[in-house]
Amino acid sequence: MLVTAESCTGGGIAAACTDMPGSSDWFDRGYVTYSNRAKIEMLGVDPALIEEHGAVSEAVARAMARGAQERSSVQVALAVTGVAGPAGGTPAKPVGTVWFAWAVGDRLVAECGRFEGDRSAVRAAAVRHALAALLPWVRP
């Protein structure tokens, strides 16, 4: 079973999953934790991580994935947090910066992506990347 924890994609990953026939066999739930407060309350992200690293960071993506996995009691979690734009970017984290984390059992991997385009393009690219990168983890 899969759980998603999404920020910048706003539920797009969960929507892509549930668009597939038979997804009820492998999709458990999705958390849309757009605000920092939601990340803290719904996923148990430590506020100190957000304060120290920012919401768009490896540390927060990892905490989101683990929090979703623990709260849903499923094997596989996917988390995403990023800057979709058009505003909100900084020199260190420009628009298009997206952190991903995938938790499968005890394994946890995170990766940063940079995507070009407007808000819609960044979000769509993040959804595609998140799911494509998950496939090798869950295919037999």
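A polar contact is a pair of N or O atoms within 3.5 Å. With that in hand, a good place to start in this predicted model is Thr97. The side chain of Thr97 makes just such a polar contact with the side chain of Arg114, at 3.1 Å. Thr97 belongs to strand S4, which covers residues 97-104. With a relative accessible area of 1%, Thr97 falls under the 20% cut-off and therefore counts as buried. Leaving out residues up to four places away in sequence, Thr97 touches Val56, Thr81, Gly82, Val83, Cys112, Gly113 and Arg114. Arg114 thus turns up both as the polar partner of Thr97 and in its list of touching residues.

Next come the charged side chains. Searching the whole structure turns up three salt bridges. One of them joins Arg29 and Asp28, with 2.6 Å from N to O. Both ends of this pair are partly exposed: Arg29 has a relative accessible area of 33%, and Asp28 comes in at 29%.

Another salt bridge links Glu41 with Arg37, at 3.4 Å from N to O. These two residues sit four apart in helix H2 (residues 36-43), so about one helical turn separates them. Here both partners are exposed, Glu41 with a relative accessible area of 55% and Arg37 with 60%.

A similar story holds for Arg62 and Glu58, whose side chains meet in a salt bridge of 3.0 Å, again N to O. This pair is found in helix H4 (residues 58-72), and because the two residues are four apart there, they too are separated by about one helical turn. Arg62 is partly exposed at 27% relative accessible area, and Glu58 is partly exposed as well, at 32%.

What about a charged residue that has no such partner? Glu6, in strand S1 (residues 2-6), is buried and yet has no salt bridge. The nearest side chain of opposite charge is that of Arg123, and it is 7.5 Å away. A salt bridge needs a side-chain nitrogen of Lys or Arg within 4 Å of a carboxyl oxygen of Asp or Glu, so Arg123 does not qualify as a partner for Glu6. The side chain of Glu6 does have polar company, though: one of its polar atoms lies 3.0 Å from the backbone nitrogen of Ala14. Setting aside neighbours within four places in sequence, Glu6 is in contact with Gly11, Gly12, Ile13 and Ala14, with Tyr31, Val32, Thr33 and Tyr34, and also with Met64 and Val80. Ala14 therefore shows up for Glu6 both through its backbone nitrogen and, by the 4.5 Å cut-off, as a contact.

Finally, there is the largest pocket, which holds about 290 Å³ of space. Its lining is made up of Met1, Leu2, Ala16, Cys17, Met20, Trp26, Val76, Leu131, Leu134, Leu135, Val138 and Arg139. Two or more of these lining residues come from each of helix H1 (12-18) and helix H5 (119-138). H5 gives the largest share of the lining, at four residues.

Technical notes:
Residues numbered from 1 in each chain as written. Predicted model: local features only at pLDDT ≥ 70, side-chain atom pairs only at ≥ 80, totals over all residues. Heavy atoms only, no water. Buried < 20%, exposed > 50% of the residue type's maximum accessible area, 1.4 Å probe, protein only. Lys, Arg positive; Asp, Glu negative; His and termini not counted. Polar contact = N/O pair within 3.5 Å; in protein donor to acceptor, adjacent residues only side chain to side chain. 1 Å grid on protein atoms, 1.4 Å probe; cavity = no way out; pocket = protein on both sides within 12 Å on 5 of 7 lines; lining within 4 Å. Points joined across faces, edges and corners; volume = space filled by probe spheres on them.
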